[in-house]
Amino acid sequence: MPLFDHASFLRAAGRVADLPPPGPPEIAFAGRSNVGKSSALNALAGRSRLARTSKTPGRTQTINFYALGDAARLVDLPGYGYARVPRAMREEWRALVDAYLRSARTLAGVVLVMDARHAFTPLDEQLIAWLGERRLLVLLTKADKLTRDAQMSLLAETRRRVGENDVTLFSSVTRQGVEECRDLLEQWLEQAAKIKNPR
Ligand SMILES: Nc1nc2c(ncn2[C@@H]2O[C@H](COP(=O)(O)OP(=O)(O)OP(=O)(O)O)[C@@H](O)[C@H]2O)c(=O)[nH]1
Ligand SMILES: [Mg+2]
């Protein structure tokens, strides 16, 4: 769909003061370090190197904003809970992401990215609790690493656990789930834009 075909880098924010002023509705990508958030964002945007990805956990340390034309933004949050990051940096992460979530912008929803092979770790549970009532899409990525049967049971189990929220199996490698996600996120953005600009 057209919206995702016009992604461009907007800004990297390493400090609260660097957060861009609120603009169009945003969708944030959150999840543990190295689960594949940046790769998922690239797969959705159809661009292999828009967001930087890495085999080394903790690659994304700033909040990176990408514009989808003038209509929307995708926001790549730094990985959560990477144990080898010094404590002071973890505090900074928390403060920065907290400031982002509290800032007066239109957050259409959060894509919570989990590794399909290790879903619902205690860190994921903490993140879900911390995100509170926000609308979630649980993206079970690296699904290419699971058999079809394992994918189906994980999907059913995840649906049970996250209730009202959306769930998709995803792979940045095979592009499984990409179209489904784009359609859903476009719906979120349309709804958020309507709430923002009621006629
Ligand atoms: N097999 C497979 N590998 C993937 C997939 N998505 C990401 N990866 C790999 O997982 C590693 C981490 O990917 P990133 O997208 O950088 O992960 P991230 O969540 O942005 O990581 P941080 O920025 O460090 O939090 C890289 O080696 C990717 O190539 C996927 O769907 N399938
Ligand atoms: Mg990243």
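These legends cover close-up views of one predicted model. Local features need pLDDT of at least 70 and side-chain atom pairs count only at pLDDT 80 or more, while totals for chains, interfaces and linings use all residues. Residues are numbered from 1 along each chain as its sequence is written, and chains are lettered from A and ligands numbered from 1 in the order in which they are written.

**View 1. Seven strands form an open sheet.** The order is β1-β3-β4-β2-β5-β6-β7, with mixed pairing. β1 (7–13) and β7 (166–169) are the edge strands, and each pairs on one side only. From one strand to the next, the twist averages 20°. Strands (E, at least two residues) and helices (H or I, at least four residues) are DSSP runs, numbered from the N terminus. Two strands pair if DSSP finds at least two bridges between them. Axes are lines fitted to C-alpha atoms, for helices over the stretch in contact; angles run from 0 to 180 degrees between N-to-C directions.

**View 2. At one edge, β1 meets β3 (residues 63–68).** The two strands run antiparallel and are joined by six bridges. Ala 7 has Leu 68 in β3 as its bridge partner.

**View 3. At the other edge, β7 pairs with β6 in the parallel sense.** Four bridges link the two strands. Leu 140 has Leu 169 in β7 as its bridge partner. β6, helix α4 (residues 148–162) and β7 make a right-handed β-α-β unit. Right-handed means that, with the strands pointing away from the viewer, the path from the first strand over the helix to the second runs clockwise. Val 167 and Leu 169 are on the covered face of β7. Asp 166 and Thr 168 are on the uncovered one.

**View 4. Helix α5 (residues 178–196) lies across five strands: β2 (26–31), β4 (72–76), β5 (107–115), β6 (136–141) and β7.** The helix runs at about 155° to β5.

**View 5. The largest nonpolar core has 46 residues.** Such a core is a set of buried Ala, Val, Leu, Ile, Met, Phe, Trp, Tyr and Cys residues joined through C-beta atoms within 7 Å. Buried means 20 or more other C-beta atoms within 10 Å of the residue's own, exposed 12 or fewer, and partly exposed in between; C-beta atoms are placed from the backbone. Phe 29, Leu 112, Leu 139 and Leu 140 touch the most other members. β5 gives the most, with six residues.

**View 6. Pro 21 lies in the loop between β1 and β2.** Pro 21 is exposed, because 7 other C-beta atoms lie within 10 Å.

Technical notes: Two residues are in contact if their C-beta atoms, placed from the backbone, lie within 7 Å.
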